[in-house]
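Visitor: I should like to go through this model and ask, for each term, on what grounds it is applied.

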Amino acid sequence: MSESFSRWRARLLPGHIIGEILSKSWIDNAIPFLLLLLSIAFFSPRISDFFAAYSLEDNSRQLGELLLIVLGETIVVLAGGIDLSVGATFAMSTFACLGMFNALGWSVPSVMLGAAAIGGAIGLVNGLLIGYLRLRAFLTSLVTLIIVRAIFDALTLKYQIAVSMPNQKSDLWDFLGNGSWFGVPFSLALAAAIGLLCHITLTRLRLGWHIQAVGGARRSAYNAGIPVGRTVCSTYVLSGVLAALSGALYASRLGAAGSDTGVGLEVAALTAAVLGGVSLGGGRGSVVKGALGALIVTIVQTSLLRLGLGSGASEMILGILLLVAVAIDVKWLKNRLKVLAKVYVAPGYLALPAAEVVDERSPYALNDRLNAVELIGLGEIEGPEDVILDTAGNLYCGSRHGDVIRFFAPDHKKWDVYAHIGGHPLGHAFDRDGNLIVCVSGMGLYKVTPAQEIVKLSDETNRSWLSIIDDSRMRLADDLDIAPDGRIFFSEATVRFDVSEWMVDSLEARPNGRIICYDPRTATTRTVISKLLFPNGICMTLDGQSFLFAESWGCRITRYWFDGPNKGRSQVIMPNLPGYPDNINRSSDGHFWCAFVGMRAPTFDLALRMPGFRKRMVERVPHDDWIYPNMNSGCVIKFDLEGTVRDCLWDRNGVNHPMITSMREHQGHLYLGGSLNNRIGRLKLPGADPEWTGMRSYWQGGGA
Amino acid sequence: MRLNIVIGGLLAMMAFALAALPAHAEFDDGQINKTSALLKGKKVGFVPISMGFDLPQAWYEGLHRAAELYGFEVLVREANWNVQAGAQAINQLIGEKVDVLIIQPPEMLAYAKLVDKANAAGISVIQINLKSPNTGDAYVGANWTEIFKREAQGITAICSRDKGRNGKIALIQGALATSGSQIGSQALKEFFAGRKDIDVVADQAADWDASKARAVAGTILKQHPDLCGFIGFWEVQDIGIAAAIKEAGLQGKVVLVTNGGGEQKSNCANVANGNFTMDVSYDARGQARDLTTVVESLLQNKPAPPGSHPIGIYSPLTNIDKSNAALGCWSLDGVKRDGP
């Protein structure tokens with residue numbers, strides 16, 4: 001009763017969605033967005049015309065001017081600095097614009113350029129001192145604030161009247177501060193356009209990545225070769241220019257530059273940035289966060305003014321809001337990863353049929369057949385998940401350092417690094433022309449030419465519309481095989497976990513994996529079969545129209561027709577394996593080898609039928625103590641297309657090959673690999689065809 | 001007998017007529033009903049520099065008492081000395097379509113465009129005690145040129161070289177962008193231009209802030225220890241100058257002339273205790289009365305279109321010095337209790 005309930009619950013309620021949403025990078029914006037909704041909900045019933053057209057237009061104009069400054073401040077804070085001088089830059093720009101327009105009679109574009117130049121110059125002073133001379137940002141920008149403010153005071157004392165007397169009338173100038181397009185004020189339109197540019201720069205252009213890198217970890221950025229001084233300097237220049245632009249709009253709107261212009265503006269900008277969730281320590285933030293914060297500050301300020309509260313009420317309430325926002329933000333920052341770790345794993349329901357008992361009568365009976373292996377590369381190789389041999393007899397395997405290692409024929413004692421790709425190269429296969437095609441976990445599908453050139457074939461497939469996770473990226477490309485027409489079918493074991501956490505996928509027991517096809521004729525990649533339980537080994541059958549694939553947690557081997565009259569059909573040929581199948585490869589007598597990476601155990605099988613238990617375990621028990629499937633012992637079987645087990649090889653004392661991930665037959669020997677092993681085993685197969693090689697079987701001996 | 005019937009009938013008619021009259025009939029003097037009808041339900045917006053000092057509080061007393069009496073609404077918005085916030089408040093009030101807008105511009109040009117915007121939206125604009133170059137519909141307040149002429153005359157009468165002193169005076173302006181300050185500065189420049197008996201040795205600004213005024217005055221006194229006097233621009237700010245003079249131990253020796261609203265504590269008390277030598281009062285209590293009068297006038301006689309016939313109601317000025325400090329001021333508490 002409770003089992004069928006668990007089954008239906010796991011099927012109907014998509015519990016994995018919560019974890020996936022929390023893992024998205026934009027979830028940080030949820031809190032300021034909530035604050036925004038709260039403030040709107042609080043003020044709109046108290047202010048009768050909150051949403052009236054004139055009120056929205058007014059508020060948007062304020063918002064536009066504040067947003068320009070907040071954008072600049074966000075970028076500076078993102079790079080790990082702080083700019084306290086924006087208020088003085090704003091005032092200086094206002095004064096200069098009035099001077100240029102009224103006293104000197106310049107045209108509007110020249111005035112804007114002049115304002116930007118002044119802002120840029122002040123920003124440059126900040127940038128040179130903070131970026132290149134490495135002075136402290138807080139103190140330096142504070143000093144700049146004081147100095148520029150003093151210059152402003154001195155200039156206004158002398159030229160206030162000359163600068164304020166309007167000398168020319170210009171509709172364009174009035175439009176800057178007071179005009180609107182279809183109800184959208186110019187300041188907001190300008191701020192939105194600049195915000196879009198900044199967002200694209202920050203998220204997709206090199207400068208933006210450099211800024212975030214410098215803010216996130218300055219020393220590491222420096223070590224990685226990023227020009228830290230130049231990047232930091234550019235953020236201050238940008239902040240200065242934006243503050244100056246805002247000052248120009250203000251000058252146009254009010255036409256005056258009194259001595260209290262821009263006072264306290266830096267505090268408002270910082271409040272907006274922090275309310276929006278930009279981290280003052282640097283490295284975390286975005287244009288959207290700054291905009292959300294600016295929106296909240298504008299709404300609160302204008303609403304409090306509208307409600308007619310007494311002096312100081314507005315500032316006090318904003319201060320309290322800032323305190324609350326910072327507290328929530330800090331707590332969220334500290335606990336987000338913890339919450340995510342607990343919530344992300346979403347165990348599902350999986351009922352495997354009862355495993356058969358493995359005793360002396362079973363075809364899987366234990367034996368010592370693998371005791372007689374010769375060892376290759378003992379202690380010299382780490383993590384040879386798959387091995388393959390070419391026509392000359394050289395042996396190739398992957399290593400966990402990201403290399404493809406080549407052991408030279410005929411004795412496989414000397415070796416070199418055939419290619420350094422990265423990640424952990426898993427499945428190998430040779431194509432018709434002797435190119436070595438490799439699935440590299442964490443990276444994708446790669447090709448190594450006989451000239452040892454590395455070519456990336458595919459690291460991106462089509463994204464499914466309903467998936468929250470971006471499943472166009474490949475996380476765990478596992479094994480592959482090549483069809484007669486050159487199409488490469490490879491498995492991606494899971495889309496929800498990276499290669500460092502692949503074992504957790506066993507806990508989930510959800511069909512998170514898929515099989516993808518790369519067509520070299522058109523260089524396109526498409527997902528062929530999805531929703532598989534950790535698809536692992538793939539092997540072409542001899543008819544050239546179908547392939548076998550193993551599902552590790554599904555404990556079954558399926559045959560799928562990709563061509564011919566049965567195209568699209570799949571048939572489970574071995575439904576209830578006693579272990580977790582890994583790679584599958586051809587044998588010389590027309591059948592197939594399959595390695596078991598581990599054997600099923602009753603406890604774990606029972607746990608898979610109790611998703612509630614596994615969920616509670618994930619929440620309460622430390623990661624290292626979670627229940628996992630047995631992956632300490634396995635065997636190699638030979639089976640045929642009817643699903644009959646024809647042979648079974650064990651290493652009973654477990655010294656050389658306790659856990660086997662792949663086996664490859666070549667010229668009468670069987671080569672064994674293990675992804676956690678530090679050796680390759682070679683076993684002589686009595687009675688096997690001494691001339692049989694994989695290359696000949698696939699390509700009739702063609703290639704290198 | 002017939003006479004009795006006639007008299008009885010007349011009496012009956014009179015009784016009938018009397019009974020037909022409403023129970024509490026106010027005597028209609030021919031105007032009160034029209035005025036009440038025109039004032040009832042109207043909205044008046046009020047955006048002073050801040051409600052936190054004596055002048056706007058006095059003006060507000062006049063406004064809200066009239067509002068309670070006649071049934072119109074006064075919407076006060078607190079700008080808290082901030083030009084930006086004040087401009088925003090005015091924009092909001094324009095959007096709310098008030099009938100009359102009263103503003104006190106902290107800077108000469110800050111609200112100039114907003115005055116025109118309000119007029120264009122059909123709202124009458126009154127500017128109180130400080131004005132933009134464009135008047136709107138009315139200006140109720142002081143004639144700043146006249147005030148500063150009086151201040152200049154007052155200080156010249158004491159500090160002039162012709163009177164035996166050294167003629168050195170210092171100017172401490174308010175916020176340079178404020179119209180009162182600009183007009184004052186201009187007026188003083190014209191007054192002292194070409195004069196041989198007075199030297200303006202320093203000209204600084206204190207932004208209407210008493211602490212800043214004190215710092216500036218202190219510095220000037222150090223530079224010119226033999227300074228004869230200061231011309232201050234507002235009594236609330238110039239308390240700082242008085243403090244600086246006291247600190248330098250020169251009280252009674254250095255002259256300080258200023259101007260203000262005439263409230264007892266800020267004005268007459270300071271003149272009586274020697275902080276100020278002379279304080280030109282523009283009587284904010286009287287201004288409250290004037291303001292209310294103009295508001296009621298504009299509400300009953302809406303100019304068509306608004307802004308077409310601006311008027312100026314300039315406040316009478318009184319020079320307060322030791323001779324009339326006892327009775328020359330009004331008290332804010334009294335005004336709050338009994339009205340202006």
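Visitor: What percentage of the contacts in chain A with a separation of 6 or more comes from residues 24 or more positions apart?

Guide: The model is a predicted one. In chain A, 62% of the contacts with a separation of 6 or more join residues 24 or more positions apart. Chain A holds 19 helices and 26 strands, and 55% of its 704 residues count as buried. Its accessible surface is about 29800 Å², with 61% belonging to carbon and sulfur atoms.

Visitor: Why is Ser93(A) called buried?

Guide: The limit for a buried residue is a relative accessible area under 20%. Ser93(A) has 0% relative accessibility, and therefore counts as buried. The residue lies in helix H5 (residues 86–103) of chain A.

Visitor: What does Ser93(A) touch, leaving aside residues up to four places away in sequence?

Guide: Ser93(A) touches Ala115(A), Ala244(A), Gly247(A) and Ala248(A). With Ala244(A) there is also a polar link: the side chain of Ser93(A) reaches the backbone oxygen of that residue at 2.6 Å. A polar contact requires N or O atoms within 3.5 Å, and the 2.6 Å found here satisfies that distance.

Visitor: How do you know that Glu96(B) and Arg306(A) meet in a salt bridge?

Guide: The rule asks for a side-chain nitrogen of Lys or Arg within 4 Å of a carboxyl oxygen of Asp or Glu. The side chains of Glu96(B) and Arg306(A) give an N to O distance of 3.2 Å, so the pair qualifies. The rule finds two salt bridges across the interface of chain B and chain A, and seven residue pairs there are in polar contact.

Visitor: Which elements of chain B give two or more residues to the side that touches chain A?

Guide: They are helix H4 (83–95) and strand E7 (199–205) of chain B. H4(B) gives the most, with nine residues. By class, this side of chain B has twelve nonpolar, ten polar and seven charged residues.

Visitor: What makes up the contact between the two chains, in residues and in area?

Guide: The contact takes 29 residues from chain B and 33 residues from chain A. The area buried between them is about 2500 Å², and carbon and sulfur atoms give 51% of that. Gln84(B), Leu109(B) and Lys113(B) supply 23% of the area that chain B buries against chain A, more than any other three residues.

Visitor: Where are the cis peptide bonds that involve Pro410(A) and Pro305(B)?

Guide: One joins Ala409(A) and Pro410(A), with omega about -5°; Pro410(A) is in the loop between strand E6 (403–407) and strand E7 (415–420) of chain A. Another runs from Ala304(B) to Pro305(B), with omega near -5°. Pro305(B) is placed in the loop between helix H11 (284–300) and strand E11 (311–314) of chain B. Most peptide bonds are trans.

Visitor: Why are Gln667(A) and Asp283(B) called partly exposed?

Guide: Partly exposed covers what is neither under 20% nor over 50% relative accessible area. Gln667(A) has 34% and is therefore partly exposed. Asp283(B), with 30%, is therefore partly exposed too.

Visitor: What value does phi take in Gln667(A) and in Asp283(B)?

Guide: Phi of Gln667(A) is near 50°, a positive value in a residue other than glycine. Phi of Asp283(B) is likewise positive, near 50°. Most residues other than glycine have a negative phi. Gln667(A) is in the loop between strand E24 (662–666) and strand E25 (669–673) of chain A, and Asp283(B) in the loop between strand E10 (278–281) and H11 of chain B.

Terms used: Residues numbered from 1 in each chain as written. Chains lettered and ligands numbered in written order. Predicted model: local features only at pLDDT ≥ 70, side-chain atom pairs only at ≥ 80, totals over all residues. Heavy atoms only, no water. Contact = heavy atoms within 4.5 Å. Buried area = accessible area lost by both parts, 1.4 Å probe. Polar contact = N/O pair within 3.5 Å; in protein donor to acceptor, adjacent residues only side chain to side chain. Helix = DSSP H or I, 4+ residues; strand = E, 2+ residues; numbered from the N terminus. Nonpolar A, V, L, I, M, F, W, Y, C, P; charged D, E, K, R; others polar. Buried < 20%, exposed > 50% of the residue type's maximum accessible area, 1.4 Å probe, protein only. Areas by Shrake-Rupley, 256 points an atom, 1.4 Å probe, with all protein chains shown as cover.
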